[in-house]
Amino acid sequence: MSAPTLDRTGGGRRTGTSPARRRARTAAWSAAAAALLVLLTGIALGTGQVEMTAWEALRALAGLGDPGNVLVVQEFRAPRVVSALIAGAGLAMAGSMLQRLFRNPLASPDTIGVTGGASFGAVLMLAVGASQEFIPLAALGGGLLAALLLGGFAWRSRMAVTRLVLVGLAVQQGLAAAVNLMIVRFPAELASSAMQWTTGSLYGRNWTEVWIGGTAIAAGAAAVVLCRRRVAVLDLGDDSAGGLGLRPQRDRVLLLLLTIALASLAAALTGPVAFVALAVPHLVRLLAGPPTLGTLGLTALTGALLLLASDLLVLHVIPVHGLPVGAVTATLGAPWLLVLMIRQGRLPQRSS
């Protein structure tokens, strides 16, 4: 049975939430997130110079209705919207798994070098004058390189994974310094393209990138879901996991590489969008409780919702032309992180 806990609202005692109630709460939040996601998708597809209702936009996405609306939605708006959905879901899932594997609430692709590696790979391709088609692949390669460096260090030094966030921060800052150096030396006409890969942007996505990136992200997400039971065993602690037949250090590093690969694939599609992977898992835990398969699905929905909503703000609310979506997610995420840290700092005092 769940241990009784203090009711902080009334000062009495209450019993812990049962698994059935947690599942019901997760299902309710997931249904609400899915409905809101459909609504925002219709708004995103229907808003622009060619105005249409959300229903007309969704019908146009299916190839129905006015041919002009179908062309605008399918060729110009839908690739950007779908990119936001799949990249947001991938980043949020990766952030949730990284925080569990590192046992650190600050672990995310933003803090362990993955987004820095993606930026480095993309900007390096711009610096050597490579074709635009190779830039997402270079971003993926840069993120995976950062992951391999981090995983290799963990494997050879036998350092506890919980302490690797410090190493990841060093990798992130080193790669960011290299990116800034290349941007400073860029010709002016390339500087704006390079900035996309330092803040994250959904501008200019096409169906080829969406299909390739979406398929890869879906495969990575499926692999993460299949490995969730192994992660749950590792959550019990290394001694218990070893007693159940796992090799904790090896399995943790392999799962870490898989999760970082998922984050790298998302970053390769949109650039290093900040705070989605860091903030969304905390929000889902606040709403739905401990990690389960259901909360992992809610995490994916919430990540997609956050990135799509941020892109709507960029396109139709904030009066700054060309503002990257990563600037909005960082602006929303920074105060949320401060509130989170203040809240966690107060919790031990309240429960003592």
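## Close-up views of a predicted model

**Figure 1. Overall surface and make-up of the chain.** The chain exposes about 17,400 Å², and carbon and sulfur atoms supply 66% of that area. The model is a predicted one, and its chain contains 14 helices and 2 strands. Of its 352 residues, 44% count as buried. Among the contacts in the chain with a separation of 6 or more, 73% are accounted for by residues 24 or more positions apart.

**Figure 2. The largest pocket and the residues around its centre.** The volume of the largest pocket is about 1,400 Å³. Its lining is made up of 47 residues, of which Arg80, Ser201, Tyr203, Gly204 and Arg205 are the closest to the centre. Two or more lining residues come from each of helix 3 (67-102), helix 5 (135-157), helix 7 (188-199), helix 8 (207-226), helix 11 and helix 13. Helix 7 gives the most to this lining, with 6 residues.

**Figure 3. The two salt bridges of the structure.** The structure holds 2 salt bridges. In one of them the side chains of Asp311 and Arg80 meet, with an N to O distance of 2.8 Å. This pair links distant parts of the chain, since Asp311 belongs to helix 13 and Arg80 to helix 3, with their positions 231 residues apart in the numbering. Both Asp311 and Arg80 are buried, and Arg80 is also one of the residues closest to the centre of the largest pocket. The side chains of Arg205 and Glu209 meet in a salt bridge as well, again at 2.8 Å from N to O. Arg205 has a relative accessible area of 12% and is therefore buried, and Arg205 is likewise listed among the residues closest to the centre of the largest pocket. Side chains of opposite charge can pair when their charged atoms come close.

**Figure 4. The enclosed cavity beside helix 12 and helix 13.** The count comes to 1 cavity of 30 Å³ or more, and the volume of the largest cavity is about 50 Å³. Its lining consists of Ser96, Pro281, Val284, Arg285, Gly289, Pro290, Pro291, Thr295 and Thr299. The elements that give two or more residues to this lining are helix 12 and helix 13 (293-316), and helix 12 gives the most, with 3 residues. Rolling a probe the size of a water molecule over the atoms shows where empty space is left.

**Figure 5. Phe275 in the loop between helix 11 and helix 12.** Phe275 lies in the loop that runs between helix 11 (248-270) and helix 12 (276-288). The phi of Phe275 is near 75 degrees, a positive value in a residue other than glycine. Most residues other than glycine have a negative phi. Phe275 counts as buried because its relative accessible area is 18%, which is under the 20% limit for that class.

**Figure 6. Thr115 and its contacts.** Thr115 is placed in helix 4 (residues 114-127), and with a relative accessible area of 5% it is buried. Once its neighbours within four places in sequence are left aside, Thr115 is in contact with Pro109, Asp110, Gln172 and Pro272.

**Figure 7. A nonpolar surface patch that includes Ile43.** Leu36, Leu39 and Ile43 form a nonpolar patch on the surface, and together they have about 240 Å² of accessible area. Ile43 is found in helix 1 (residues 19-46). Because its relative accessibility is 34%, Ile43 counts as partly exposed, a value that also lies over the 30% required of patch residues.

Conventions:
Residues numbered from 1 in each chain as written. Predicted model: local features only at pLDDT ≥ 70, side-chain atom pairs only at ≥ 80, totals over all residues. Heavy atoms only, no water. Patch = residues over 30% accessible without salt bridge, like charges linked within 9 Å, V, L, I, M, F, W, Y side chains within 5 Å. Areas by Shrake-Rupley, 256 points an atom, 1.4 Å probe, with all protein chains shown as cover. Salt bridge = Lys/Arg side-chain N within 4 Å of Asp/Glu carboxyl O. Helix = DSSP H or I, 4+ residues; strand = E, 2+ residues; numbered from the N terminus. Buried < 20%, exposed > 50% of the residue type's maximum accessible area, 1.4 Å probe, protein only. Contact = heavy atoms within 4.5 Å. 1 Å grid on protein atoms, 1.4 Å probe; cavity = no way out; pocket = protein on both sides within 12 Å on 5 of 7 lines; lining within 4 Å. Points joined across faces, edges and corners; volume = space filled by probe spheres on them.
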